[in-house]
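Hi,

Here is the two-chain model I promised to pass on. Have a look at it first, and then read on for my notes.

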Amino acid sequence: MQVPGLRRLFHWRHLRTVLQIPLLIVSVAMVLDGLLGPSLAPKNLATTLSWVHFRGALVLLLLCAGNFFCLACPFMLVRNMARRFFYPRLNWPQRLRNKWLSVGLFALILFCYEDFSLWSSPWWTAWLIVGYFLAVLVVDGLFKHASFCKFVCPIGQFNFVASAISPLEVKVRDLDVCDSCGTKDCIRGRRAPGAKLVVIQRGCELALFQPLKVGNMDCTFCLDCVHACPHDNIGILSRLPASELMVDPRRSGIGRFSQRKDLAAMAIVFSFGALLNAFGMVSPVYVLESWLAEILHVNSKAPVLGVLFALFLVLEPAVLLGLAAWVTQIRGGSRRALVPLAVRYTYGLVPLGFGMWLAHYSFHFLTGLYTLVPVIQSALARVGWTLFGSPRWTLLGIPMRYVQPLEIGFLVLGLAGSLLVIHQLAESDCAERPLRAFVPWAAVSVVLWLAAMWMMFQPMDMRGTFLPG
Amino acid sequence: MHVRLEQELEESRSTGGVSAGFFPASRARRVSRSEWRIRSLFGMAISRARVTIVLSALACVAALFASGCRKAVEPQSAIAIEYGISPQPVRVGPVAIAVKLGDAAGEPVLGARVNLEADMSHPGMAPVFGEVREVTPGQYLGSLEFAMPGDWVILIHVTLPDGRRMEPQVSVPGVTAN
């Protein structure tokens, strides 16, 4: 950051803690209200803050700035406090040093959201938050570094993938300074003078060596590297959004995107999951679910959702991406095998997926923006603090007619971003005939975009139940 | 759909708070009097104070879960509330809500103030409100307009003539489009 005030702020060692404390307090309030407050979701802090305000603010922050939620993550504050008592001795298992576990957890959260109708249950929402805190404590209590953030946290993975579209990145200002640096404190941590084993400022816990770091993948914006660098050579700098998806260098702590099937799977769940999550809120899904329940002869939600998830998160991507990879191979003359080809171009769908998340979550956020006020009023009244008067439940947000054009704009931006990334990848792959590699992947993007647009114009239907009885 | 809500049943549902959660913690304190340290499977040296903290935290979480973690329901005097919604099945648009109030002796409750509020199961959506008038002694009639398909919950705000308030919730799942 070159802005004088902000630069000083981001260099302040206690910034993270100061940001984390209010979020921790809010999290505790959400848990207490979720467990002890009203059972009706629109009147409860846990559900309103989680499913309307947090998600919306998160995606808008990712769009406008970067992964600042991870910077202010309250789970890490609790972990850091716990690490004063327990110092982990184990290394994260070698077999799990990838994103497969977090891909599964991300899909599982999307599944649980539908199966348990989390949006309508303050109780389950509160336990989800509690479960998250416990998981952080267990994982990072046993395993060294930021194992939870890098290999487990589904919110973190969402942020890592989405922040590929962010305009800000933590990176080196001048690579020449790094070349002449002998200490590499950004990764090793700054040591106490005269005591080499004493770390006074830790380096990157996610194994990102700044001079070789490319993009926001796995970066929690914790600013440890900023504080550790003795040359003040690391900062939060601007860049072209999605530019990290257009190149494929070897990245520190990650490797090449094109060689990471687990990361590609994450991008698939991110992109197709965005459509699936939004599909769960429109009327046609209930017709499809009822039909599936009938042909499966089941009367419970889970198996129907299981089939739906398998269709939209496994079969649909396999067919669309497999077909596009095959056409690219045949028509584009790419020398890559089918799966590596699909892996490489899958990242091109991330902007479109983000556009869908943005359209969906910002819709709830903007149309329900002021609902936070009566919910807070009501929560304060329950603890005997009626300073703000009686709750005004009629407070809502921005009318739908103004928000809908914005949603369409986000989707168009997402499509444009995807087409741009795919074009860049096609140009670097097939310099002579880039169009032949571009067209099949562009077609996949357009098909998904049309599906997203179709969903946007469907009547919204917020149902947790679709089976009789 | 015609359902009878027995408010007095709420008396028997009280969960009794979370005081049970402190029992395991006090056990942990008793254990900690002995001067031992344990070494975990993972080679971490854990002091007695740390054991106490961890056991207390885990015990509280377990007790919260086991207790159902609901606030105790205040006992209500026996007021029976019956309601009906028409037309059935419930669709987007106006619906008529009939509410019948009766006391413990089965006598109709006259002169109560009844208001309707309906919320979607998803937070952040517009609630709808409806006024209710007493059409015959103890019988109240009002209307609501469901604005969107989905799961709705109707809150019947009742203020009895003696000032007592009740707020039974009525779930209306699967309101469909016209």
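Let me start with a loop in chain B: B:Pro89 sits between β4 and β5 there. Before going further, please keep in mind that this is a predicted model, so everything below is computed from predicted coordinates.

Back to B:Pro89. The peptide bond that leads into this proline from B:Gln88 is cis, and its omega is near -10 degrees. There is another cis bond to look at, from B:Ser86 to B:Pro87, where omega is near 5 degrees. B:Pro87 is also placed in the loop that links β4 (80-86) to β5 (93-102) of chain B. I flag these because most peptide bonds are trans.

**Chain B**

What does the chain around that loop consist of? Chain B has two helices and eleven strands. Read from the N terminus, the order is β-α-β-β-α-β-β-β-β-β-β-β-β. Of the 178 residues in chain B, 20% are buried. If you take the contacts in chain B with a separation of 6 or more, 63% of them link residues that are 24 or more positions apart.

Strand β6 (residues 113-120) of chain B is a good place to look at the pairing. Which way do β6 and β9 of chain B run, parallel or antiparallel? They run antiparallel, with eight bridges between β6 and β9 (residues 150-159). Within β9(B), B:Ile156 is the residue that stands opposite B:Leu116. β6(B) also pairs with strand β7 (residues 128-136) of chain B, again in the antiparallel sense, through four bridges. There, B:Glu117 has B:Phe129 of β7(B) as its bridge partner.

**Chain A**

Chain A is made up of 20 helices and four strands. Its C-alpha trace covers about 70 × 70 × 40 Å along the principal axes. How does its radius of gyration sit with its length? A compact globule of 469 residues would come out near 23 Å, and chain A has 23 Å, so the value agrees with that expectation. Buried residues make up 48% of the 469 in chain A. Residues 24 or more positions apart supply 78% of the chain A contacts with a separation of 6 or more.

The domain assignment splits out domain 1 (168-239) and domain 2 (259-469) of chain A. Between the C-alpha centres of domain 1 and domain 2 of chain A there are 35 Å.

One residue I followed up is A:Val78, which is in helix α5 (residues 74-82) of chain A. Is A:Val78 buried or partly exposed? It has 19 other C-beta atoms within 10 Å, and because the cut-off for buried is 20 or more, A:Val78 counts as partly exposed. Leaving out residues up to four places away in sequence, A:Val78 touches A:Leu24, A:Phe133, A:Val136 and A:Leu137. As for A:Leu387, that residue is 309 residues away from A:Val78 in sequence, and their C-alpha atoms are 31 Å apart.

**Two backbone oddities in chain A**

Most residues other than glycine have a negative phi. Now try A:Ser117: this residue is not a glycine, yet its phi is positive, at about 45 degrees. You will find A:Ser117 in the loop between α6 (100-115) and α7 of chain A. Its count of C-beta neighbours inside 10 Å is 20, so A:Ser117 is classed as buried.

A:Ala207 has a positive phi too, near 60 degrees. A:Ala207 is in the loop that runs between β3 (195-201) and α12 (224-228) of chain A. With 16 other C-beta atoms within 10 Å, A:Ala207 is partly exposed.

**Where the chains meet**

Finally, the contact between the chains. On chain A, 32 residues are in contact with 27 residues of chain B. Which elements of chain A give two or more residues to that side? They are α2 (15-36), α3 (45-64), α7 (122-142) and α17 (350-367). The largest share comes from α3(A), with four residues. Sorted by class, this side of chain A has 18 nonpolar, eleven polar and three charged residues.

If you open it up, I'd go to the loop with B:Pro87 and then to A:Ser117 with its positive phi.

Cheers

How values were computed:
Residues are numbered from 1 along each chain as its sequence is written. Chains are lettered from A and ligands numbered from 1 in the order in which they are written. This is a predicted model: local features need pLDDT of at least 70, side-chain atom pairs count only at pLDDT 80 or more; totals for chains, interfaces and linings use all residues. Domain bounds come from an automatic or database domain assignment. Two residues are in contact if their C-beta atoms, placed from the backbone, lie within 7 Å. Ala, Val, Leu, Ile, Met, Phe, Trp, Tyr, Cys and Pro count as nonpolar, Asp, Glu, Lys and Arg as charged, and the others, Gly among them, as polar. A residue is buried if 20 or more other C-beta atoms lie within 10 Å of its own, exposed if 12 or fewer, and partly exposed in between; C-beta atoms are placed from the backbone. Two strands pair if DSSP finds at least two bridges between them. The radius of gyration is taken over C-alpha atoms; the globule rule is 2.2 Å times the number of residues to the power 0.38.
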